[in-house]
Amino acid sequence: MNIVNILDQIEKVDNEVIDKLNPRRAAMKGMLSFGKKAAVAAVPFGLGSMFNTASAQTSASGVVDALQFVLALKHFESALITQGLTKVKYSSPNTAGDVAALNTIKDQTNKHIAFLKTAISGAGATPVAAKATYDFTGGGAYSNVMSSTITFLKVLQGVKDATVRAIKGQAPALVKQGETLAAALAMHAVDARHASKLRIMRLFNGYSAPIKPWTSERDLTENEAIGKDVFIGEDATTQAGVDTSKISGVTHAQATEAFDEPLTKAQIMTALGPFKIF
Amino acid sequence: MKNLQHEEPHSLLVESNTPKAKLHRRSFLQYSGAGLAGLALVAAGCKKNNNFPTDPNGGEPVDESGINLGSGETAVLNYAYVLEQIEAAFYAKVVAAPYAGITDQEKRFFGDIAAHEVAHREVFKAALGTSAVPAVALDFSTIDFTKKDQVLNAAKAFEDLGVSAYNGAGKLLTSADNLALAAKVVSVEARHAAYIRELLSPNSFANAEVVDGTNAFEKSRTPAEVLNIIKTYVKNPINASNLPTS
């Protein structure tokens, strides 16, 4: 067994392995000097932890879990928009334009679903299926979600904002995951565009005078939001150790808006629990 | 602004695959990074530049000497810091002298966006500490700030560029904390982009210019592509030769 050959083989699978080995150079040196027999026995075990799918930050199953979680959310989003477009007699000051926007959001969400299913299958797992039924009323809190344009937009916007937060919460687990991370970020930005557009629709239609195209501390305390759990933490002003509300020219509200905050999977499951998504 | 509009965004991605683009990049690297003398000059420029205060209003050029982004994680954060400097300075000008016919709501929202970009800039600066590059020298003379369409088109281009830049840089980061920070910023830029796009043209919030038709993914740009675009506005030659590429 030749360690150079082993490294060559691994490099074919994971071309970042040499970079990953660098911090371990000292350890490797020690290992090699310890004796050929010991080294050969230890190397395959040691190298196992250097693969992309098994690096310190995450595991192969961790990556798949993250994708499944996002897929479950997107199944719900898609069902919510599809049902809404069918059942809500959508009527706003800009009905035709709004419906076109909702169709764009639905189509792009469905493309994300198709991508996620392919990616999860490709990893050897079975993609989580859409549920046959969801509770679009959120446990009755939004009982007219399928009959009121105003409520429907309110709920959909909250769910989209939650999806942005959910993907953001998964991003650190995908650090150094190359194309998987790139795909997650690519969906994340599109979801943020969707959430912003839904906020703008509510604003321009006159359904919420104080709402902004971006999340703000006001989302936590005012009734237009779908629930404070969806926006919990969006009043944060400390970023990388800097209190952004203390920066000259930045108000407290603006400080809370400048950075979108992540939510963990558990927080999302609490916030969106009444919709019976998971 | 002409440059951004002409290259934005489809043609740019295509162009980067052509020999012409490769040549540009090569000559750019040669210009900004080649030789010990060049590096020494860049380093000297950085040091000297540290004495110039960041102009929060994005005022007149401070120092046009070369800027080296550094290497590794620092380089990626400096790259973000430069982008935020551009955006903050651009919106500071919009707010200081709004375009003709601006509505109260637009004035408020541009005020918000301007403040968000200042917060981004200052957080990256603080995160970088002594590794932060100096304030860059900016030139927005191609934009007529009195004209609504020019300001909105420039804002759209800067926001879309920012989103694509962060999305392209995410995989270059090795620290989960830095990735989390970038992810907190990029979605806010995407929200800005959607708002400005809606002001320009209803329902353009996620159109084919920025979202691909197959997977509905936001398009991303490499740092080389982004730096090639921003050189219209940033007067300092930027040495990105030690920026991670994968």
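Here is a short conversation about three alanines in a predicted model.

Biologist: Why is Ala216(B) called buried?

Modeller: Ala216(B) has 24 other C-beta atoms within 10 Å. A residue counts as buried at 20 or more, so Ala216(B) is buried.

Biologist: Thanks! Where does Ala216(B) lie in chain B?

Modeller: You will find Ala216(B) in the loop between α8 (176-200) and α9 (223-230). Its phi is positive, about 55°, although Ala216(B) is not a glycine.

Biologist: Let's turn to chain A. What makes Ala240(A) partly exposed?

Modeller: Around Ala240(A) there are 18 other C-beta atoms within 10 Å. Buried needs 20 or more and exposed needs 12 or fewer; the count of 18 falls in between, so Ala240(A) is partly exposed.

Biologist: And what is the phi of Ala240(A), and where is this residue placed?

Modeller: Ala240(A) is not a glycine, yet its phi is positive at about 50°. Its place is the loop between β1 and β2 (242-243) of chain A.

Biologist: Why is Ala236(A) called partly exposed?

Modeller: The same reasoning works here: Ala236(A) has 17 other C-beta atoms within 10 Å, and that value sits between the limits of 12 and 20, so Ala236(A) is partly exposed. This residue is found in the loop between α10 (228-231) and β1 (238-239) of chain A.

Biologist: Which residues does Ala236(A) touch, leaving aside those up to four places away in sequence?

Modeller: Ala236(A) touches Thr256(A) and Glu261(A). A contact requires C-beta atoms within 7 Å, so both of these residues meet that cut-off with Ala236(A).

Terms used. Residues numbered from 1 in each chain as written. Chains lettered and ligands numbered in written order. Predicted model: local features only at pLDDT ≥ 70, side-chain atom pairs only at ≥ 80, totals over all residues. Helix = DSSP H or I, 4+ residues; strand = E, 2+ residues; numbered from the N terminus. Contact = placed C-beta atoms within 7 Å.
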